[in-house]
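Dear colleague,

I am passing on to you the structure shown below, together with an account of what was found in it. Please read the two side by side.

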Amino acid sequence: MPARSTAVVLVAALSLGLAAVPLGAPAFASPAVAPARTSAGPDADALRAALAGLPDQDATAALVRVGGTDGRWRGSAGVHDLESGRAADPDARFRAGSTTKVVTAAVVLQFAAEGRIGLGTPVQRYLPGLLPSSFEPVTVRQLLNHTSGVQAGDGFGDDFADVYAHRFDTLTPRQVVASAVAKGPEFAPGTRQDYLNINYTILGLLIEKVTGHTYAREAERRVLRPAGMRDTYFPGTDPRIHGPHNHGYQAVRRPDGTTDFVDVTDWNQADRWAAGDMISTTADLERLITHLFRGELVPARQLEEMFTVPAGIEGADMSAGLQRFAYEGRVYWIKSGARYGYSAVVGATRDLSRTLVYSVNSTDAKGETMNPVAERIAMAALSRPEPARSPGRR
């Protein structure tokens, strides 16, 4: 799985006077009982091995659900928090990050199916005045597949120290969009693909303009409730994760070479909004991808947008809300998400023969490279079984 699918921001080694706790001795919660592997099913031994030894320097907990028509497996490992050392809650809520974009894309595609918007129509028609004349027409489809050319909006800083200091402050989506627009376009729409949150922040504004309702209300009504996602919600400016959850930590290296693990569980994520503010569970994300791919949330014609990568753009692999990932002869459509302390993935083959959802409490969730624990999980979950051997003659 490419590193860009999990994070794109480097977290520098810092010397900070932050409240932190040492990494405790490893604790392991035995994976849920799983059926024996069939000829095509998930490799339970490989998945157990992928979770072994948590917590470690890379992650404090991990929750995994592998499913589909080939078979299923459930597992969890690590700790609820480093101070108590008690086992991680396998049904815990977590910050789902950019997997939120799957929900946002589904809502927008529903609007297209209802004739309320046109995917090929410039967003300037629906949100007049949002983009100045320096921007060429940007279609709704180009926002969905990250070919808009709109630059990234500003946050509270460029490194962990800066953003941690503002973790309880509010940066509104409109402030983020205004900072992006002020920079002017990065490239002509439709000529490149650059995965950025700003595209989905603008789509959130579009959803509110079309309906006159909040983004959260429309997402809940149109996607969360129909998909049975009872433990998923949008926290807005509330920094807490309500309900059962495992703590998230960020590793911070000191000048003497030792590492502190800073608790980053409570954090106001309002600026991520329609691009990454959702709190969910592995079970709910599995429900989302299953109902979505079955065509129960978005009609077939519009759903095709989620399986279509823009043609003629070198290196393009993002569709409407998803990313195309080929591995061992199969194509998966996935979406990753990362907020400090939490890394998540939801994905499946189009025919739902294999689904994968995981949440890893990564100690460097915004790092440039893929978390080693997450990588082990993904490779174990997506590997194809070895061909069955013919019995020998007697």
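**Overview of the chain**

The protein chain holds 12 helices and 11 strands. Please note that this is a predicted model. Of the 394 residues of the protein chain, 58% count as buried. Among the contacts in the chain with a separation of 6 or more, 72% are accounted for by residues 24 or more positions apart.

**The six-stranded sheet**

I would suggest beginning with the open sheet of 6 strands, whose order is S3-S2-S11-S10-S9-S8 and whose pairing is antiparallel. The edges are formed by strand S3 (73-78) and strand S8 (323-327); each has a single partner strand, so one side of each is left without a neighbour in the sheet. From one strand to the next, the twist averages 20°.

At one edge, S2 and S3 run antiparallel and are joined by 6 bridges. Within this part of the structure, Leu63 stands opposite Ser76 in S3. Helix H1 (residues 44-51) packs on the sheet, where it touches S2 and S3, and the direction of H1 makes about 20° with that of S3.

**Strand S11 and its partners**

Strand S11 (residues 355-362) merits particular attention. How many of its residues are buried? The count is 8 of the 8, so S11 is largely enclosed by the rest of the structure. Both of its faces are covered. On one side the buried residues are Thr355, Val357, Ser359 and Asn361; on the other they are Leu356, Tyr358, Val360 and Ser362.

S11 pairs with strand S2 (residues 59-67) in the antiparallel sense over 7 bridges. In that connection, Arg65 has Val357 of S11 as its bridge partner. S11 also pairs with strand S10 (residues 342-349), again in the antiparallel sense, over 6 bridges. Here the bridge partner of Val345 is Tyr358 in S11.

**The hairpin of S10 and S11**

The hairpin of S10 and S11 has 5 residues between the strands, and in it Leu352 takes a positive phi near 65°. The loop between S10 and S11 also contains Arg350. Is Arg350 buried or exposed? Its relative accessible area is 42%, and Arg350 is therefore classed as partly exposed.

Leaving aside neighbours within four places in sequence, Arg350 is in contact with Phe293, Glu304, Phe307, Val331 and Trp333. As regards Phe307, this residue and Arg350 are 43 residues apart in sequence, while their C-alpha atoms are 8.3 Å apart in space.

**The packing of H6 and H7**

Finally, I would draw your attention to a pair of helices. Helix H6 (residues 173-181) and helix H7 (residues 198-211) pack at an angle of about 125°, and their axes are 10 Å apart. The two helices are therefore oblique to each other. Their crossing is left-handed.

Which residues make the contact of H6 and H7? From H6 they are Pro173, Arg174, Val176, Val177 and Ala180; from H7 they are Ile198, Thr201, Ile202 and Leu205. Sorted by class, this contact of H6 with H7 has 7 nonpolar, 1 polar and 1 charged residues.

With kind regards

Key: Residues are numbered from 1 along each chain as its sequence is written. This is a predicted model: local features need pLDDT of at least 70, side-chain atom pairs count only at pLDDT 80 or more; totals for chains, interfaces and linings use all residues. Side-chain values use heavy atoms; hydrogens and water are left out. Axes are lines fitted to C-alpha atoms, for helices over the stretch in contact, and angles run from 0 to 180 degrees between N-to-C directions. Helices (H or I, at least four residues) and strands (E, at least two) are DSSP runs, numbered from the N terminus. Angles under 35 degrees count as roughly parallel, over 145 as roughly antiparallel, 65 to 115 as roughly perpendicular and the rest as oblique. A crossing is left-handed if the near helix is turned anticlockwise from the far one by less than a right angle, and right-handed if clockwise. Contact means heavy atoms within 4.5 Å. Ala, Val, Leu, Ile, Met, Phe, Trp, Tyr, Cys and Pro count as nonpolar, Asp, Glu, Lys and Arg as charged, and the others, Gly among them, as polar. Buried means under 20% relative accessible area, exposed over 50%, partly exposed in between (1.4 Å probe, protein chains only). Two strands pair if DSSP finds at least two bridges between them.
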